Amino acid sequence: MSKNKEKKNSIFRKALKVILRVLLLVLLAALSVATYVVPKMSWYTEKVANKYSSKVFPKIAYIFNSYSNLAPNSYSELAVIVGVIMLIILFFYVIVAFIVKCVKRRGPFKFLYKVVAVVLTLTFVFSLLFQLMHGLNYRRTPVEEKLKLVGIDRNIDEIIEVYTWAHDEMVAAREKLGKDYNGVVHMMTSFEESAYYANILVNSASKYLGLDLSDGYVRAKPVALSHYWSYTNILGMYNPIFGEANINVDCTLPQIYAETIVHEILHAKGLARESDAELAAVMICCMADRPDFRYAGFFEIYKNLHVLLWELGYEIPFDAGAGKDYQAWLDYNDSLVSNKVTEKVAEVSEATNDNYLKSNEQEGGTETYIINNNYYVEFYYRYIHKTF
């Protein structure tokens, strides 16, 4: 074989390698985009989403939950701490290594290709896991529609009846709770016991209400750095990559704490939308036999209907006992916004969460946390009073 022919073959092989590498990068990029776009296409209807969430998701979630349940500590928190440090180190390593290879002419572009390939591979894997463990559940039937809580107008007397019910149940639950020296209530048990109870409560309520949730055990995790996390105004977070429900344990007021545990467990069991998890969490807490969880559910309904009645001209004093607990929550929040830095952290966190929700088919963003009071009213008449 002549030298010219060998040279041509060598050039051809190199060109082929370059083409194959480019095609691989394009494929990885296309797969990453596809995992985000495909579930939003018209073929993925509500009916298909319901099938996935009730039949497929529980089996996939079982695998991830089993891994997450092995340790009491938050994998998510560890990943964030270690991940941030590693990313900073790797960032500077890649820059320095690329410059050195450019200077010494030792395959800088081959090195850059490997870096981009790794980044795109991780992007695809994480995007796929997100969709399987969370994203594909966004289009399932909304809780208010599944439970038939929509389409009925109630008169003012009926609303007052529900308000009175919520008040009386809230007061009864509060009387059974321990109080601190300021007269503010606290949880009945440790985090581990409360999280264990919440899981059983959600499973029981799901079967009663017909929510079609995964019945696998979800071990909610306390975040060790909760106090610093509080500056972001985040009470809980579900990490679909690990199938893990993370709870902020810095403030343990029952009306916030108990409902948050249930809320995040609901995400892990298949309710992706914030409005679904929030509405279901409140109703499920009302169905609990533990006073602290019951108090959380009825407090939320009472508080919202109290505001509604005031807007309608009914100037009813807020319950004194619940008022102490609510003020304790306001004082806690005030203690976090102590300077411009913490204010900015809260603003950035709020904006990030708002954009995240909007990018995942929740058009109202953070406003989706606000539940239509009509749903609470109808919950009473359909599942408590049963006038249907």
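**Exercise 1. Charges over rings**

Which residue lies over the face of Tyr-113, and at what distance from the ring centre?

*Solution.* Before we start: this is a predicted model, where local features need pLDDT of at least 70, side-chain atom pairs count only at pLDDT 80 or more, and totals for chains, interfaces and linings use all residues. Residues are numbered from 1 along each chain as its sequence is written, and side-chain values use heavy atoms, with hydrogens and water left out.

Step 1. Here's the rule: a charge sits over a ring if NZ of Lys or CZ of Arg is within 6 Å of the ring centre and within 35 degrees of the ring normal.

Step 2. For Tyr-113, the residue over the face is Arg-21, at 5.4 Å from the ring centre.

Step 3. Tyr-75 has a partner too: Lys-221 lies over its face, 4.4 Å from the ring centre.

**Exercise 2. Aromatic pairs**

Work out how the rings of Phe-299 and Tyr-326 are arranged, then do the job again for Trp-329 and Tyr-332.

*Solution.* Step 1. Rings of Phe, Tyr and Trp (its six-membered ring) pair if their centres lie within 6.5 Å; planes under 30 degrees apart are stacked, over 60 edge-to-face, and the rest tilted. Searching the whole structure turns up 19 aromatic pairs.

Step 2. Phe-299 and Tyr-326 have ring centres 6.3 Å apart and planes at 45 degrees, so this pair is tilted. It links distant parts of the chain: Phe-299 sits in helix α11 (residues 291-311) and Tyr-326 in helix α12 (residues 320-336), 27 residues apart. Helices here are DSSP runs (H or I, at least four residues), as are strands (E, at least two), numbered from the N terminus.

Step 3. Now check burial, where buried means under 20% relative accessible area, exposed over 50%, and partly exposed in between (1.4 Å probe, protein chains only). Phe-299 comes out at 2%, so it counts as buried, while Tyr-326, at 31%, is partly exposed.

Step 4. On to Trp-329 and Tyr-332: their centres are 5.8 Å apart and the planes at 25 degrees, so they are stacked. Both belong to helix α12, three residues apart, or about one turn of the helix. Trp-329 is buried at 14% relative accessibility, and Tyr-332 is buried at 16%.

Step 5. Zoom out a bit. Phe-299 and Tyr-326 also belong to one aromatic cluster with Tyr-163, Tyr-295, Tyr-302 and Phe-318.

**Exercise 3. A cavity**

Find what lines the second largest cavity, and sort the lining by residue type.

*Solution.* Step 1. Rolling a probe the size of a water molecule over the atoms shows where empty space is left. On a 1 Å grid over the protein atoms alone, a cavity is a set of points where a 1.4 Å probe fits but cannot get out, and lining residues have an atom within 4 Å of a point. Points are joined across faces, edges and corners, and the volume is the space filled by probe spheres set on them.

Step 2. That gives three cavities of 30 Å³ or more. The second largest holds about 50 Å³.

Step 3. Its lining is Leu-235, Ile-247, Asn-248, Cys-251, Ile-256, Tyr-257, Thr-260 and Trp-329. β3 (244-248) and α9 (254-268) each supply at least two of the lining residues, with α9 giving the most, at three.

Step 4. Sort them: Ala, Val, Leu, Ile, Met, Phe, Trp, Tyr, Cys and Pro are nonpolar, Asp, Glu, Lys and Arg charged, and the others, Gly among them, polar. The tally is six nonpolar, two polar and no charged.

**Exercise 4. Glutamates and Lys-148**

Locate Glu-144 and Glu-378, and list what each one touches.

*Solution.* Step 1. Glu-144 is in helix α5 (residues 143-146) and is buried at 13% relative accessibility.

Step 2. Contact means heavy atoms within 4.5 Å. Not counting residues up to four places away in sequence, Glu-144 touches Leu-149, Val-150, Asp-276, Leu-279 and Tyr-375. Take Leu-279: it is 135 residues from Glu-144 in sequence, yet 8.0 Å away in space, C-alpha to C-alpha.

Step 3. Glu-378 lies in helix α14 (residues 373-384), and is buried with a relative accessible area of 2%. Setting aside neighbours within four places in sequence, its contacts are Lys-148, Leu-149, Ile-152 and Arg-154.

Step 4. Look at Lys-148 itself, in the loop between α5 and α6 (156-175). Its phi is positive, about 55 degrees, although it is not a glycine.

Note on methods. On a 1 Å grid over the protein atoms alone, a cavity is a set of points where a 1.4 Å probe fits but cannot get out, and a pocket is an open set with protein on both sides within 12 Å along at least five of seven lines; lining residues have an atom within 4 Å of a point.
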